[in-house]
Amino acid sequence: MTPFPFPAGRPALLRAAIAATLCCTAGTLHAQARQPAPAAPTTASQREQELQNRVEQLERRIGDLESSTVLSEPETSVKRVEVYVDENGVQYTEPGPGRTPQVTYQRERVFRRQTINEKLEEALDDAASRSVGVGVDAAIILQNVQQDTGPDAPADGNTYELASADIFFTAGLAQNTIFYADIVGLSGTPPDNEVGGLTLLNGYTARLVNQNELNLRESWVRTELANQRVGLTLGRVDLTNYFDHNAVANDETTQFLSDALVNNPMLGLSENGAGLAAVYDPKNGFSAKFGYQQSSSTAQNLSDSLFYLGEVSKLFTPFNLGEGTYRVWFRTDNSSGDDQSAYGVSLDQKLTAALTLFARYGQAENAGLDDDEFYSVGLQLKNGVVINPEDAWGVGFANTELGGGDAEDLLEGYYNLRLTQKMQLSFHLTHVTEKPLGVEEVSYLVPGVRFQASF
Amino acid sequence: MTFQRILTLSTIAGALAASPLMAQDHTQHAAGAAAATAGRPVKITDPSSVVLIVNRDSNDIGFMDIATHKMVGSVFLGNNVNPHMAMMSHDGRYVVTGGTRANKAYIIDVPTLTLVKEIPVGFAPEHLAFTPDGRYYYQGNPDDDSISVIDMVSMTEIKRIPGLNEPLNITFTPDGSKAYIGNYGAHWVGVVDVTRHELLKRIEIGQMSGVAKLDPERYLGEIKGVSNASMSNDGRYLYAADGDLNIVGVIDTRDDRVIKTIRVGKDPWRAYMSHDGKYAITVNNGDETISVIDTSKNEVVATLEGGPSMTGVNYAAGKAFVVSATSGFVYVYDMATLKPTGRIKIGVNLQLETATTDTADAKLYLASSTDHAIYVIDAASERFEKVTGVGLYPWGTHIMDSKDNYCH
């Protein structure tokens, strides 16, 4: 029982009465309260005062009893303590001559009264932190192709449907260290097989390895070092998640559907593979990244089809505009046998709270030919110019010119309607013009709908 | 500290019974407070010289000297009280706090560090505020959907204002005529007539879009409404963030209407006003960003990366310091360029709570609950000192007249 602090100035008689009261058990409280005080008060006012005090003490005792019910039992926890130990092993809480700092652990009891709800939440949170998290990202994309110009093409008038489901697993392994795996399955036919453009009209197609099969898309361990300024990711990775990023043109699940407005083709990564990504992020707007990744499923060793990438990026707020992130990257790879390099930039600049512009540029060496070139520009609008508060829409244009002479122009607009936190419906209209060298150009109008659910 | 304040405190400490306040018949507290403090030594002569520390597990309010970072003392409130927030009266005489698990309000005499009054209030009292004249203190009882009005003269609950929905923070107009109550269990701000202590009206911050109503799991499962209405420096506008609606509603206090809604990041906790009044920052825990609102244009002028579980913003030395509870970091932003400048690593395996800024805008006093410590951060150099032995599970701090006294 917590010792009761006797107020200064109280008569000894009263202190005795209080002590007697506090020593009582709950079952005898009433009886004790009715008993006369050890010495009779001499006046009515003193009696009244004593009774008043007694009532106060009983109320306090009831409070103590209430607070020590099952739910209110003192919590026991282990505390990390920094102490100072002298040569004799005596512990001190303060530093001093001859004392060396040490870290120890000790049990402590605290009076933290919790409700059943809080207890349950705590237990559930604890259980969740130890379990493997599972998430699903599913999408169904319907696209129709209407040929605009050029000789008759097999895709004209056809409709395509692709269904995709990603299953994610995450688990905390240690302090600032997580494991992540992404298993993807796709079924259906994207338009890209029949259109045969330089870039994919459906960004999901890049994930399609074999239909109706589950494939391991990513599987890596990530840890953070140096005060969490350095992040290391090692395993089967997708380096496009780390390099050539863009705030408004980087995600085929919620933004543009065309691959040319999701990635920079000059980056050259066609498949996920074994690799590493190192990110230095001091959280001051600057970041530097380095990574390597194998991008061939038929490679025989790690030296085959190996891409090295580096990137620096910086957050700016130029001309009193909103924030913009500017990135410059460089890569080299041996996928064609010889080392070839490429470089590119990716930027997104917020002009107002609603409007963000983006642009990409890239140039890549092409063995024996002129360099391949690519650029894309566009904008995204949200906040105030949308139907629902979390909707967004955008327009983008991409141009690809290969050193061999083939070229492509692509224009896409989309509106992403946020139905609920877990469901989105987006409408896309894409116009693509393919300009193969020496062949009449052909263009298509591709309306599409994407339904996406993540949970 | 003014001479007047020193004089007042020495008078209180030396001759409580003789003070004019004590002489009034209706001041029931006078007798109680005088009896409780009579003969006790004066431990604090300058209330602005201490930092209050709310210790949830040791169930006390600690008082730390700002100059030396040594504990002056602490006032134990009782087992299982679990205080949530503390505030000093404007004259520095009393500290009040609500015991969340005791369903009581507590009044502490500052000079003698004596608990002078326990007042039963509604369920789970948490956040609180004094009226500008210091006569009343409003104690929010979120589980009781009410506000307890405590008369600081009689030290009693004179009224309980019902009709609220999980009331959290309370903001008074500078003239003390109205109080604005953030209702976290709803999407409106309550307007209270302070003269009659009655709920006058409910100001709806925003409406959910029709399509969003398809998502009952989110909108009916757990409401993240309005935790606070933050006052502009001129006392005219309030900035009330709504967690579910991802907006900040700007309320004109002249006619109590929302003049604009500003879309910010996901799940904004509340708006924190910069000391010069130019900006309001919301911490958006849904997408781990902060939104910087230019109060002259009522527009978001920057959305910057933040950290997980952000609990508060402090301003000092031309910077904004954002506390990230679970990461062990305090994120720092330059308020001139509105860009991040880095982050301060306080430690690992820590649960950072909230901080207060000293009146010189030079140092932050950050409560860290799991290691039972206060971290004193020098805003200019961004170096910090760890102070231990302050009590168990410090939940928040408070400095008299600080512009960053808040709770979470």
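## Notebook: strand pairing in chain A, domains in chain B

I began at the end of chain A, where A:M423 of β19(A) has A:A453 as its bridge partner in β20(A). I note at the outset that the model is a predicted one.

**Entry 1. β20(A) and its partners.** I looked up the whole pairing between these two strands: β19 (residues 423–435) and β20 (residues 442–454) of chain A run antiparallel over 12 bridges. The two strands form a hairpin with six residues between them. In that turn I read a positive phi of about 80 degrees for A:G438.

I then asked which further strands of chain A pair with β20(A). Strand β4 (residues 133–144) of chain A does so in the antiparallel sense, over seven bridges. Within this pairing I found A:I141 opposite A:R450. Strand β5 (residues 146–149) of chain A is also antiparallel to β20(A), joined to it by three bridges. Here A:Q147 has A:Y444 as its bridge partner. For reference I add that strands of a sheet pair through backbone hydrogen bonds, either parallel or antiparallel.

**Entry 2. β17(A), its neighbours and its faces.** I moved to strand β17 (residues 392–401) of chain A. On one side I traced β16 (residues 372–382) of chain A, which is joined to β17(A) by 10 bridges and runs antiparallel to it. A:E373 is bridged there to A:E401. Strand β18 (residues 407–418) of chain A likewise pairs with β17(A) in the antiparallel sense, over 10 bridges. The bridge partner of A:N399 in β18(A) is A:D409.

β17(A) and β18(A) form a hairpin, with five residues between the strands. A:G405, in the turn, has a positive phi of about 115 degrees.

Which residues of β17(A) lie on the covered face, and which on the uncovered one? I list A:A392, A:G394, A:G396, A:A398 and A:T400 as covered. The uncovered face holds A:W393, A:V395, A:F397, A:N399 and A:E401. A:N399 and A:E401, on the uncovered face, are thus also residues for which I noted a bridge partner, A:D409 for A:N399 and A:E373 for A:E401.

**Entry 3. Chain A as a whole.** I recorded five helices and 20 strands for chain A. Of its 455 residues, 30% are buried. Among contacts between residues at least 6 apart in sequence, 56% join residues at least 24 apart.

**Entry 4. Domains of chain B.** The domain assignment gives chain B a domain 1 (1–117) and a domain 2 (306–408). I found 23 residues of domain 1 in contact with 23 residues of domain 2. On the domain 1 side, β1 (50–55), β2 (60–65), β3 (71–76) and β4 (83–88) of chain B each supply at least two residues. By class, this side has 12 nonpolar, eight polar and three charged residues.

**Entry 5. An open sheet in chain B.** Four strands form an open sheet in the order β24-β25-β26-β27 (chain B), with antiparallel pairing. Which strands stand at the edges? They are β24 (310–316) and β27 (339–345) of chain B; each has a single partner strand, so one side of each has no neighbour in the sheet. Neighbouring strands of this sheet are turned by 25 degrees against each other on average, direction ignored. Looking at one pairing, I counted six bridges between β26 (residues 329–334) of chain B and β27(B). B:V332 stands opposite B:G342 in β27(B).

**Entry 6. Two positive phi values in chain B.** B:N80 is not a glycine, yet its phi is positive, about 60 degrees. B:N80 lies in the loop between β3 and β4 of chain B. Is B:N80 buried or exposed? It counts as buried, because 26 C-beta neighbours fall inside 10 Å.

B:S309, also not a glycine, has a positive phi of about 50 degrees. I located B:S309 in the loop between β23 (299–305) and β24 of chain B. With 17 other C-beta atoms within 10 Å, B:S309 is partly exposed.

**Entry 7. Confidence.** The model scores ipTM 0.76 and pTM 0.81. Chain A averages a pLDDT of 84, and 85% of its residues score at least 70. Over residues 1–37 of chain A, pLDDT stays under 50; the model has 34 contacts beyond four places in sequence for this stretch. Chain B averages a pLDDT of 90, with 89% of the residues scoring at least 70. Its residues 1–28 have a pLDDT below 50, with 38 contacts beyond near neighbours in sequence. Where pLDDT is low, the predicted coordinates should not be read in detail.

Key:
Residues are numbered from 1 along each chain as its sequence is written. Chains are lettered from A and ligands numbered from 1 in the order in which they are written. This is a predicted model: local features need pLDDT of at least 70, side-chain atom pairs count only at pLDDT 80 or more; totals for chains, interfaces and linings use all residues. A residue is buried if 20 or more other C-beta atoms lie within 10 Å of its own, exposed if 12 or fewer, and partly exposed in between; C-beta atoms are placed from the backbone. Two residues are in contact if their C-beta atoms, placed from the backbone, lie within 7 Å. pLDDT is the predictor's confidence in each residue, from 0 to 100. Two strands pair if DSSP finds at least two bridges between them. Axes are lines fitted to C-alpha atoms, for helices over the stretch in contact, and angles run from 0 to 180 degrees between N-to-C directions. Domain bounds come from an automatic or database domain assignment. Ala, Val, Leu, Ile, Met, Phe, Trp, Tyr, Cys and Pro count as nonpolar, Asp, Glu, Lys and Arg as charged, and the others, Gly among them, as polar.
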